[in-house]
Amino acid sequence: MTMDGGDRRGVNMEQTVNDLVQESKLLEAYYNDIVAKESVLHRLYEESHSSFEAIRGLSSESETLSLVPLGIGVYVKSVIYPIEKVLVNIGAGVVVEKKKDDAVNFIEQRIKEFELATKQLSTQKQQISHRMMEIQNTVNAYVGQMRSHDESPHSHSH
């Protein structure tokens with residue numbers, strides 16, 4: 001028993017649809033991963049802005065009254081003495097002492113890195129969304145063709 005051209009085309013379409021559905025599932029997982037990364041970046045961005053504003057508000061000449069977080073929303077009042085240097089975690093658990101202005105510049109650089117990374121993730125999300133839409137349209141077209149192919153022999157019989 002051999003398949004005619006229409007049957008082979010139907011099998012090929014079905015395989016193509018299955019392949020596209022699999023690609024769509026992978027893209028959806030990748031999209032969700034990007035959304036999670038965006039969330040982390042947003043938190044780091046906000047934290048960087050808070051640090052930036054806080055360090056700029058510290059005086060080099062006089063004491064500053066502050067609240068120091070101890071964790072889980074618990075704070076203690078504290079006095080921060082005039083500062084010239086701060087300790088900065090530069091990554092991998094390495095903490096270095098930096099002049100206040102250098103620390104401000106470091107934070108500004110990190111903020112720019114977070115902004116760039118956010119833009120890149122947004123572009124990736126847009127590309128994935130576009131591809132997922134293309135896949136959906138292609139699958140819909142193939143399904144429509146398969147339905148009309150399945151119905152065509154019945155419509156010609158009288």
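This report walks through a predicted model of a protein, from its overall build down to single residues.

A few ground rules: residues are numbered from 1 along each chain as its sequence is written, and side-chain values use heavy atoms, with hydrogens and water left out. Because the model is predicted, local features need pLDDT of at least 70 and side-chain atom pairs count only at pLDDT 80 or more, while totals for chains, interfaces and linings use all residues.

## Overall build

The protein has 2 helices and 4 strands, laid out along the sequence as α-β-β-β-β-α. The radius of gyration is 29 Å, well over the 15 Å that the globule rule gives for 158 residues, so the protein is more spread out than a compact globule. That radius is taken over C-alpha atoms, and the globule rule is 2.2 Å times the number of residues to the power 0.38. As for the elements, helices (H or I, at least four residues) and strands (E, at least two) are DSSP runs, numbered from the N terminus. Along the principal axes, the C-alpha atoms fill a box of roughly 100 × 30 × 20 Å.

Of the 158 residues, 18% count as buried. Here buried means under 20% relative accessible area, exposed means over 50%, and partly exposed is in between (1.4 Å probe, protein chains only). The protein exposes about 11900 Å², with carbon and sulfur atoms supplying 53% of that area. Accessible areas come from the Shrake-Rupley method with a 1.4 Å probe, and for residues only the protein chains shown count as cover.

Contacts (heavy atoms within 4.5 Å) reach well along the chain: among those with a separation of 6 or more, 54% join residues 24 or more positions apart. On the charge side, there are 17 positive and 23 negative side chains, and the centres of the two sets lie 3 Å apart. Lys and Arg count as positive and Asp and Glu as negative, with His and the chain ends not counted; each charge is placed at NZ of Lys, CZ of Arg, CG of Asp or CD of Glu.

## The cores

A nonpolar core is a set of buried Ala, Val, Leu, Ile, Met, Phe, Trp, Tyr and Cys residues joined through side-chain atoms within 4.5 Å. The largest one has 12 residues, including Met13, Leu27, Ile34, Phe114, Leu121, Ile128 and Met146. Helix 1 (5-57) and helix 2 (100-156) each supply at least two residues of this core. There is also a second, separate core of 10 residues, with Ile55, Leu58, Ile83 and Ile111 among them.

## Residues worth a look

Start with isoleucine 34, which sits in helix 1. At 1% relative accessibility, isoleucine 34 counts as buried. Setting aside residues up to four places away in sequence, isoleucine 34 touches Leu121, Gln124, Lys125 and Ile128. Arginine 147 is another story: isoleucine 34 and arginine 147 are 113 residues apart in sequence and 36 Å apart in space, C-alpha to C-alpha.

Serine 48 is in helix 1 too, and counts as buried at 10% relative accessibility. Neighbours within four places aside, serine 48 is in contact with Ile107, Ile111 and Phe114.

Over in helix 2 there is methionine 132, partly exposed with a relative accessible area of 22%. Methionine 132 touches Ser24, Leu27 and Glu28, not counting residues up to four places away in sequence. Methionine 132 and leucine 26 are 106 residues apart in sequence, yet their C-alpha atoms are 10.0 Å apart.

In strand 1, threonine 64 is buried, with a relative accessible area of 18%. Apart from its neighbours within four places in sequence, threonine 64 is in contact with Gly57, Leu58, Ser59, Ser78, Val79 and Ile80.

## Two odd loop residues

Most residues other than glycine have a negative phi. The table lists two residues that have a positive phi although neither is a glycine.

| Residue | Phi | Loop | Relative accessible area |
|---|---|---|---|
| Isoleucine 72 | about 40° | between strand 1 (64-71) and strand 2 (74-80) | 90%, exposed |
| Alanine 92 | about 55° | between strand 3 (85-91) and strand 4 (94-99) | 84%, exposed |
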